[in-house]
Amino acid sequence: MTLVATDLTLERGGKRVLENVRADLAPGTITAIVGPNGAGKSSLLLALTGLIEPVSGHVELDDHRLDAMSPADRAKALGFLPQHAEIAWDVAVENVVALGRLPHRDRGSAAIEAAIDELELQPLRHRPASQLSGGERARVLLARVLAGEPRWILADEPLAALDLAHQLNLVSNLKQRARAGQGVVIVLHDLALAMNHADRAIVLHEGRLAASGAVEGALSQEMIRRCWGVEAKWIGDEGHRALTLEA
């Protein structure tokens, strides 16, 4: 099930944030959306979920336009984790995770338990949401997405609030899901994380598509110089790259 954006132009708050952006996303891969602050990364992710309407262009899921699909069908296919997600009700963790089943209109207890296990939330399952740390809340909200068993996972900075151990666990989880055929799209600021763990990268710069393709090519030193305005060099072996900046 492919997810394709065609010539997307978006405005938010009266400001043009994306201009004629194209993206062709394939299941079974992890795609990182990267770019400097204000490049339009979160806006593109919102458009890919159908949550904001473009000025022009459109998004298709397996040749069906998102704007022609029902909200329930979109929610079943596309699991979305926003950057600054909040938990509206002070309920137990297991009940927050269970909300991921709402589009399916079933309890889906096996999927809920699997999500709780994958995000290592068993010790927290009965804790009220108000008693969670920022990192714990991030894991709970991602578990809610996973409990819905979407065919695509779209997450805005999902690693930002996690400590190193939980970052590693989440990255491993997303890789396993991609190998199983799910599509994964994540917004990242950390270019080394994108280089080492994503299959493909979409690079945005000033609301336009600067590069799209395999991470090695899309995140070249020349592209970093062009879009981020810094001199940088990749060091280390494939899968273990580090980015050094030159003063």
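**View 1. Leu3 and its partner strand in the four-stranded sheet.** In this predicted model, Leu3 stands opposite Leu61 in strand 4. The two strands to look for here are strand 1 (residues 3-12) and strand 4 (residues 56-61), which pair in the antiparallel sense over five bridges. They belong to an open sheet of four strands, arranged in the order 2-1-4-5 with antiparallel pairing. Strand 2 and strand 5 (64-65) stand at the edges with a single partner strand each, so one side of each has no neighbour in the sheet. Helix 1 packs on this sheet, where it touches strand 1, strand 2 and strand 4. The direction of helix 1 makes about 125 degrees with that of strand 1.

**View 2. The six-stranded sheet, with strand 3 beside strand 8.** Follow the strands across this open sheet and you will meet them in the order 6-7-8-3-9-10, with mixed pairing. Strand 6 (78-81) and strand 10 (208-214) are the edge strands, each pairing on one side only. Neighbouring strands of the sheet are turned by 15 degrees against each other on average, direction ignored. Strand 3 pairs with strand 8 (residues 183-187) in the parallel sense, over four bridges. For a handy landmark, find Ile33, whose bridge partner in strand 8 is Val187.

**View 3. Two helices against the six-stranded sheet.** Helix 1 (residues 41-49) packs on the sheet of six strands, touching strand 3, strand 6, strand 7 (152-156), strand 8 and strand 9 (200-205). Its direction makes about 150 degrees with that of strand 7. Helix 5 lies across strand 6 and strand 7. Relative to strand 6, helix 5 runs at about 175 degrees.

**View 4. Val203 and the largest nonpolar core.** The largest nonpolar core has 53 residues. Those with the most contacts inside this core are Val34, Val97, Leu121, Val140, Leu188, Val203 and Leu219. Helix 5 (residues 134-147) gives the most to the core, with seven residues. Apart from this core lies another, of 27 residues, among them Leu3, Leu10, Leu78 and Val187. To explore the surroundings of Val203, leave aside its neighbours within four places in sequence: the contacts of Val203 are then Val34, Arg208, Leu209, Ala210, Ala211, Ala218, Leu219, Met223, Cys227 and Trp228.

**View 5. The largest pocket and its lining.** About 410 Å³ of space lies in this pocket. Its lining is made up of 16 residues, and the closest to the pocket centre are Ala75, Leu78, Gly79, Phe80 and Pro103. Helix 2 (71-77), strand 6 and helix 5 each supply at least two residues of the lining.

**View 6. Pro103, a loop residue at the pocket.** Pro103 lies in the loop between helix 3 (93-98) and helix 4. Not counting residues up to four places away in sequence, Pro103 touches Ala72, Ala75 and Lys76. Pro103 and Lys76 are 27 residues apart along the chain, and their C-alpha atoms are separated by 5.9 Å. Look out for Ala75 here too, since Ala75 and Pro103 are both among the pocket-lining residues closest to the centre.

**View 7. Gly28 in a loop between two strands.** You will find Gly28 in the loop between strand 2 (15-25) and strand 3 (30-34). Is this glycine buried, exposed or partly exposed? With a relative accessible area of 32%, Gly28 is partly exposed, because that value falls between the 20% limit for buried and the 50% limit for exposed. Setting aside neighbours within four places in sequence, Gly28 is in contact with Ala178, Gly181, Gln182, Gly183 and Asp199. The C-alpha atoms of Gly28 and Met1 are separated by 9.6 Å, and the two residues are 27 residues apart along the chain.

**View 8. Glu120 and Glu157, two glutamates with positive phi.** Glu120 sits in the loop between helix 4 (109-118) and helix 5. Its phi is near 55 degrees, a positive value in a residue other than glycine. Glu157 belongs to the loop between strand 7 and helix 6 (164-179), and phi of Glu157 is likewise near 55 degrees. Which of the words buried and partly exposed fits each residue? Glu120 counts as partly exposed at 42% relative accessibility, whereas Glu157 is buried, with a relative accessible area of 14%.

Technical notes:
Residues are numbered from 1 along each chain as its sequence is written. This is a predicted model: local features need pLDDT of at least 70, side-chain atom pairs count only at pLDDT 80 or more; totals for chains, interfaces and linings use all residues. Side-chain values use heavy atoms; hydrogens and water are left out. Buried means under 20% relative accessible area, exposed over 50%, partly exposed in between (1.4 Å probe, protein chains only). Contact means heavy atoms within 4.5 Å. A nonpolar core is a set of buried Ala, Val, Leu, Ile, Met, Phe, Trp, Tyr and Cys residues joined through side-chain atoms within 4.5 Å. Two strands pair if DSSP finds at least two bridges between them. Axes are lines fitted to C-alpha atoms, for helices over the stretch in contact, and angles run from 0 to 180 degrees between N-to-C directions. On a 1 Å grid over the protein atoms alone, a cavity is a set of points where a 1.4 Å probe fits but cannot get out, and a pocket is an open set with protein on both sides within 12 Å along at least five of seven lines; lining residues have an atom within 4 Å of a point. Grid points are joined across faces, edges and corners, and a volume is the space filled by probe spheres set on the points.
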